[in-house]
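Colleague: Could you take me closely through a single strand of this model, with its pairing partners and its cover, and then add a word on any charged patch elsewhere?

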Amino acid sequence: MSNFRLKLQRSLLFGLLVFAVPALAQNSVLLSEVAARSADARDAGVLIEEGDDAYLENDYKLAVDKYAEALSKLPKGAKSVAGLRTTAVQRFSQASLVQAQDLMIKGGAKSAQAMVKDALTVDPDNRQLKSLLAKMDDPIRYESALTTEHNVNVARVRSLLQEGQSYYDLGQFDRAYMTFEDILRIDHYNKAARRGKEMVIVAKSGYAEAARDQARAEMLKGVDASWQQKVASKLDAPIVGGDDFGAINQRANIQAKLNSINVPEVRLSGATLDEAVDFLRAVSVQEDKMTLDESQKGIPFLVQLGDESMPEIQKIRASRINLTLRNVSLAEVLKLVNEASGTNFRVDDFAVVINAAGFSDPTLVRREFRVSPDFLTTGAVGKVEENKDPFAADDQEGGLIAKKLSAKEKLQDFGVSFPDGASAAYNSNTNMLIVRNTVANMQLIEAIVADLAKNEPLIVTVRTTIVDIGQDQLDELDFDSMLGEFNLGENGILSGGTTGTGSPIADMIGGRPVTSGNRSGQLTGTTEGLDALLKRESPPTASGVLSNNGTGGGSADIRLPSTPDSSGTRGSGIISLRGIIDNSAHEILMRGLSQKKGVDVMVRPEVVTRSGQNAIVQSVIEFPYPEDFEPPQIPNQVAGGGGIVTPATPTNFTSRNLGVTLEVLPQVGPDRKIIEVSVNPVVTDFEGFVNYGTPIVGSSNTASINFVNQTVATQSVFGEITANAILKPLFRTTRGNTSVRVVDGQTVVMGGLIKEIRKEIHDKIPILGELPFVGRIFQSNGISVEKRAVIIFVNVELTDPAGKPYRDR
């Protein structure tokens, strides 16, 4: 029984194991799936919350991505997460809708369509998505040509407009202008940028006007300051020298290097002359402490021995040099090398030349060198002919073109000698220099040409500014008094005086003048100088009429004008005080005038040329005018008849250029920092005509016929027959002719003129004019001031062939 029970228990246990293990395994897979789905649901919930946060922050793209990721964790059809999935679908559709609308506005039409279609696959019944998809092809609602790049440019332009306005508000006009330029590079038709540039230009023009006013005030101040008497200096003798702009002597520079370079150690054992010279070249570069520019360190050495076949030269080549030295100068080493090799040296402008001692090769050789087009003109400025009188008058007006040197003269200026049979020629068509000279001189010419070839061609821009500022100021205040007769006691009568030699007072009521002797209005008229000639009027002439009625009777009416007032016209009246005493009129008239006139002229010619090349720029008009006149033809009067009067007639014409002419001749220095320039600016203006003619006075006859009475009446008119004008022009010329040294990019004052003319009138009636208070009405005071300042500025700038300033390197 117990065994059966034991077997039964084992059988049941075995059966339980057989059938329970698969069941337990199936239950474990189910539990793990449930756990995974629960984890996905939790993650989906977190993703939905993150998508909501992004949506609220208007980051719709991130929201769409979060909602899409949440949907991927929520399987479709799962009842346990059906509610959560529905929420995710709604959020995904809404975010996709908003993001698609934003993309359409920004020009991303294709991306927006793809996004809407993806959203419809998840939410096919969403009406808003379907409606948006249908509207995407409507050109009225959305621009079909709109791109994302365009929207980026719009945002960039908006930002730059704000930036440019900010620069303008801060007064940084150049930065503002460049910012508006950047906008126009993006949007070529942006009106706001154009307005911004206009705004900047107006602001800079306002500054320029203020600068002009300031410059004008400074120049007029200079006119006033010219009246100052300067205190003499305590120095007994002037300081001589101090010119920092002189060209550096290259020969002296090489000699200074020879003396200053210290050679720490020299070891030459059995060295040839070429080996010793190579050593000198190398040690001059290594030990050159004077020169900062690495390319300019050291000293060039040239060996010019001559014909190698000659015994003297072969002996030098065969010699050997043995030297052992410490801490000696390079000049001392060079002397010892010369002694050991039988040579000597000389310091030229470009190199140290080593020659055979007491011997030179006279053989002439021919070589060609290609040089720059300005080879012959380089260094032409500043050449002064010997024995030329510096105070002699110029042979002709203008003329800065320097004497053009020949090729031989040019090389001689560089220290090249020309023995008998030697020659040099320059071909301007090919820019070839053809030289026939000795071997020694040829090596020097080669060094000169090589040094000149290192110079990059430069463009010289010369700007000449001529500023002419003038100011006329007039202040005048005076009084005129007219006194009629009034009783002074029982037997006395008091009244004004007479005009006499004074000026008539014709604009006041009756009475006798008191102040006609005081000058009034004299400073307003033009009574002297060139202006008087320009405003000259014809002198008064007799005029009248003689008539004959045709019946033998006649009448004459000849009117001669009065003598002109030699003292001029009195000034304008301002206010008067009139009164009647003893039935006589009395009057006091105040006259006054305050005038101020300014004339500012600025001329700025500019010319571009090369170093050593003359250039002329003109902005002129040709002004023809008569030079000679035929005298007037006046017929003789015969038997009461008349003739035709022919006035003076021009017969020969000439012309003159009016405007601006600028002639320059620049020369760039070796350091390319100093430019020596000869400048000849000429400004010619037409001032007006001066009439040198005199009117012809005579009579002219006219006849009238009366057919009713059958009578003929004649009338003779006396007066001016013809003005007989002989007009000659008057020109004003402002000229400067000088040579100046200018630092590249700087402006210097070339010259100037300061002028002031003051005219004053202080008249008064004796005794009455000295009375306190009341005496002012018997005085006449006036002052006229004419100021003029002319300054000529010169600005010189070097640029490379690309137009960039050379000094900015």
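Modeller: Leu483 stands opposite Arg512 in strand E12, and this contact belongs to the pairing of strand E9 with E12 (residues 512-513), which is antiparallel and rests on 2 bridges. Please keep in mind throughout that the model is a predicted one. E9 itself spans residues 459-483 and is mostly covered, since 19 of its 25 residues are buried, where buried stands for a relative accessible area under 20%.

The pairing with strand E26 (residues 779-799) is again antiparallel and runs over 20 bridges; within it, Leu474 of E9 has Ser784 as its bridge partner. Strand E16 (residues 584-603) is joined to E9 by 17 bridges, also in the antiparallel sense, and here Gln471 is placed opposite Gly598. A further antiparallel partner of E9 is strand E17 (residues 606-610), with 5 bridges between the two, and in that pairing Val460 stands opposite Thr609.

As for charge, Glu49, Asp53, Glu57 and Asp59 gather on the surface in a patch that is negative. One of these residues, Asp53, lies in helix H1, which covers residues 2-56. Asp53 has a relative accessible area of 46% and is therefore partly exposed, a value that also passes the requirement of over 30% which residues of a patch have to meet.

Notes. Residues are numbered from 1 along each chain as its sequence is written. This is a predicted model: local features need pLDDT of at least 70, side-chain atom pairs count only at pLDDT 80 or more; totals for chains, interfaces and linings use all residues. Side-chain values use heavy atoms; hydrogens and water are left out. Patches are made of residues with over 30% relative accessible area and no salt bridge: like charges are joined within 9 Å, nonpolar side chains (Val, Leu, Ile, Met, Phe, Trp, Tyr) within 5 Å. Accessible areas come from the Shrake-Rupley method with a 1.4 Å probe; for residues, only the protein chains shown count as cover. A salt bridge is a side-chain nitrogen of Lys or Arg within 4 Å of a carboxyl oxygen of Asp or Glu. Lys and Arg count as positive and Asp and Glu as negative; His and the chain ends are not counted. The place of a charge is taken as NZ of Lys, CZ of Arg, CG of Asp or CD of Glu. Helices (H or I, at least four residues) and strands (E, at least two) are DSSP runs, numbered from the N terminus. Buried means under 20% relative accessible area, exposed over 50%, partly exposed in between (1.4 Å probe, protein chains only). Two strands pair if DSSP finds at least two bridges between them.
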